[in-house]
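Notebook open, coffee poured. Here is what I looked up today, in the order I went through it.

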There are 2 protein chains.
Amino acid sequence: MTVLKDVSGGVALWRRIADAIRLDIVGGKLAEGDRLPTEAVLAERFSANRHTVRRALAVLAQDGVVGAEQGRGTFVRNARRLSYPIGKRTRFREGLKGQASSLTSVSLSNRLENATAAVAKALDIRSASKVVRLEGMSLADGVSISRSTTWLPYRRFPDFAERIARFASTTETFASYGIEDYARASTRISARHADVEETKLLGLAPGAILLVSEAVDVDAEGVPISYALSRFPAERMELVV
Amino acid sequence: MTVLKDVSGGVALWRRIADAIRLDIVGGKLAEGDRLPTEAVLAERFSANRHTVRRALAVLAQDGVVGAEQGRGTFVRNARRLSYPIGKRTRFREGLKGQASSLTSVSLSNRLENATAAVAKALDIRSASKVVRLEGMSLADGVSISRSTTWLPYRRFPDFAERIARFASTTETFASYGIEDYARASTRISARHADVEETKLLGLAPGAILLVSEAVDVDAEGVPISYALSRFPAERMELVV
DNA sequence: TCGATTTGTCTAATGTAATAGACAACTAAT
DNA sequence: ATTAGTTGTCTATTACATTAGACAAATCGA
């Protein structure tokens with residue numbers, strides 16, 4: 001096996017610096033309008049060259065997070081990050097209400113397939129039994145904030161795709177099946193880099209970090225009704241339990 | 001501002017491939033003992049050169065996740081990832097019991113400081129009032145799994161550092177102050193790249209992804225008793241709500 | 001034993017990442 | 001108007017990332 005003298009971890013220094021500065025901003029250490037330390041100071045803080053810092057700042061500037069002004073300094077422009085509350089009664093639209101003026105859900109595709117072991121286990125059905133699979137994404141104020149894959153048991157929700165297209169609301173669609181209330185049974189949270197497809201759809205730079213949530217919702221009797229795998233760009237969203 | 005023709009996002013291709021394969025493994029698509037697709041097949045799947053794939057596999061091999069055998073193929077070795085349950089009664093040691101044979105908590109340092117705005121808000125105390133700050137990390141089976149910073153109000157817990165060193169348990173230390181029970185008021189979850197210090201302490205490659213949890217615990221009367229900022233390597237841990 | 005398949009090693013070429021230094025352009029205060 | 005401090009641009013060099021091709025070494029079944 002190749003000996004790895006490598007120590008850079010495959011993530012460029014400018015990228016790590018950009019992440020660190022972004023964190024100071026969304027974390028509240030730097031408020032909107034504040035001036036950042038000068039490029040020279042940042043370079044020393046991160047033990048990097050000024051040019052490397054400049055590249056990090058250029059990326060943040062492109063995202064609208066900071067803005068540089070020649071002769072004056074670099075300033076914080078937009079420190080906003082959405083918070084998505086997770087709890088027993090987790091509702092996507094309700095949770096984000098008030099944080100964005102527009103909230104759009106897009107259905108990308110849907111199809112019938114046989115449940116994989118993981119899906120079958122989550123939905124508590126026999127492996128390889130039929131499930132409806134929905135692919136979707138959502139945008140807040142025109143910026144994409146999530147990419148989700150949802151599985152539902154076909155036996156109970158054979159035409160879920162058609163109905164959700166009509167109602168444009170998960171809650172109402174479930175209601176149309178006679179499910180007046182449902183609850184979150186479990187949420188599993190992890191993080192990873194975005195893959196090529198996610199990168200394109202969500203408008204991210206390759207290598208952006210995603211928060212991944214695997215959620216199982218159950219009806220009033222505790223029977224699983226859906227299994228959803230949602231990916232949120234960590235730079236735009238945080239999850240609040 | 002520099003025009004960014006860049007499109008790689010600052011994360012090397014081999015790193016993204018390694019992440020993708022690791023995800024297939026911890027996600028259950030590949031079980032322990034399974035043979036991975038050949039290097040040639042993986043190279044085509046990721047639209048990359050075989051050498052690039054080999055580098056990704058080399059990193060995973062170094063982590064003990066896969067192992068290559070000349071002439072035979074590359075096999076999944078260790079698909080384990082710890083799950084840390086988060087809920088109303090979140091207890092670190094209890095939560096991980098049974099998942100690792102040894103669980104060690106290390107106290108790195110402690111000091112008195114004045115609460116920043118964020119800490120004061122979390123603990124519901126006046127800004128700049130005194131707080132105890134603890135730095136620590138923990139290991140499961142000798143592998144570091146978290147790095148945490150905890151703040152407590154000094155007025156109520158002036159000698160918390162000394163006591164937790166004696167009891168080696170958060171629950172027992174709180175009990176020694178007459179707090180028989182406490183609960184999790186809120187948990188905020190985000191993700192980012194590890195910084196230099198975290199990289200060293202946790203034994204990660206620079207650029208590793210961390211799950212970041214900001215947690216506030218309250219006593220039986222709902223009064224905040226601690227604010228903890230914990231960082232978990234995403235490749236070793238997941239959070240379950 | 002042979003041949004197909006698979007991982008291991010080597011060389012080479014090209015583009016990106018990071019460092020280094022110098023100077024121009026702009027701002028704000030003296 | 002001058003000066004110190006800041007961002008913007010340019011050139012150059014070194015190390016890493018990625019691609020490419022060729023062949024060796026080990027495994028397994030026919």
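Which phosphate oxygen lies 2.9 Å from a backbone N or O atom of A:Asn49? I looked it up, and the phosphate belongs to DNA strand C. A note to self before going on: this is a predicted model.

**Entry 1: DNA strand C**

I stayed with DNA strand C and listed its surroundings. There are 27 residues around this strand, and A:Leu13, A:Trp14, A:His51, A:Thr52 and A:Arg55 come nearest. Of the strand C atoms within 4 Å of the protein, 64% are accounted for by sugar and phosphate.

Next I checked side chains against the phosphates. An N or O atom in the side chain of A:Arg55 is 2.5 Å from a phosphate oxygen of DNA strand C. For the side chain of A:Arg72, I found an N or O atom at 2.9 Å from a phosphate oxygen of that strand. Both chains supply elements with two or more residues on this surface: helix H1 (13–26) and H3 from chain A, and H3, strand S1 (66–69) and strand S2 (73–76) from chain B. By class I noted six nonpolar, 13 polar and eight charged residues near strand C.

**Entry 2: DNA strand D**

I then turned to DNA strand D. Here, too, I found 27 residues around the strand, with A:Arg50, B:Leu13, B:His51, B:Thr52 and B:Arg55 coming nearest. Sugar or phosphate makes up 63% of the strand D atoms within 4 Å of the protein, and bases make up the rest.

Which backbones reach a phosphate oxygen of DNA strand D? I found a backbone N or O atom of B:Leu13 at 2.4 Å, and one of A:Glu39 at 3.1 Å. A polar side-chain atom of B:Arg55 lies 2.5 Å from a phosphate oxygen of strand D. The elements giving two or more residues to this surface are helix H3 (50–62), strand S1 (66–69) and strand S2 (73–76) of chain A, plus helix H1 (13–26) and helix H3 (50–62) of chain B. My class tally for strand D reads six nonpolar, 13 polar and eight charged.

**Entry 3: a sheet across the chains**

Last, I traced an open sheet of eight strands with mixed pairing, in the order S3(A)-S10(A)-S7(B)-S8(B)-S9(B)-S6(B)-S5(B)-S4(B). Strand S3 (82–85) of chain A and strand S4 (103–114) of chain B are the edges, each pairing on one side only. From one strand to the next, I read an average twist of 20 degrees.

I zoomed in on S4(B), which runs antiparallel to strand S5 (residues 130–140) of chain B and is joined to S5(B) by eleven bridges. One example I wrote down: B:Ser109 has B:Glu135 in S5(B) as its bridge partner.

Conventions. Residues are numbered from 1 along each chain as its sequence is written. Chains are lettered from A and ligands numbered from 1 in the order in which they are written. This is a predicted model: local features need pLDDT of at least 70, side-chain atom pairs count only at pLDDT 80 or more; totals for chains, interfaces and linings use all residues. Side-chain values use heavy atoms; hydrogens and water are left out. A residue is near a molecule or strand if one of its heavy atoms lies within 4 Å of it. A polar contact is a pair of N or O atoms within 3.5 Å; within protein, one must be able to donate a hydrogen and the other to accept it, and residues adjacent in sequence count only if both atoms are side-chain atoms. Helices (H or I, at least four residues) and strands (E, at least two) are DSSP runs, numbered from the N terminus. Ala, Val, Leu, Ile, Met, Phe, Trp, Tyr, Cys and Pro count as nonpolar, Asp, Glu, Lys and Arg as charged, and the others, Gly among them, as polar. Two strands pair if DSSP finds at least two bridges between them. Axes are lines fitted to C-alpha atoms, for helices over the stretch in contact, and angles run from 0 to 180 degrees between N-to-C directions.
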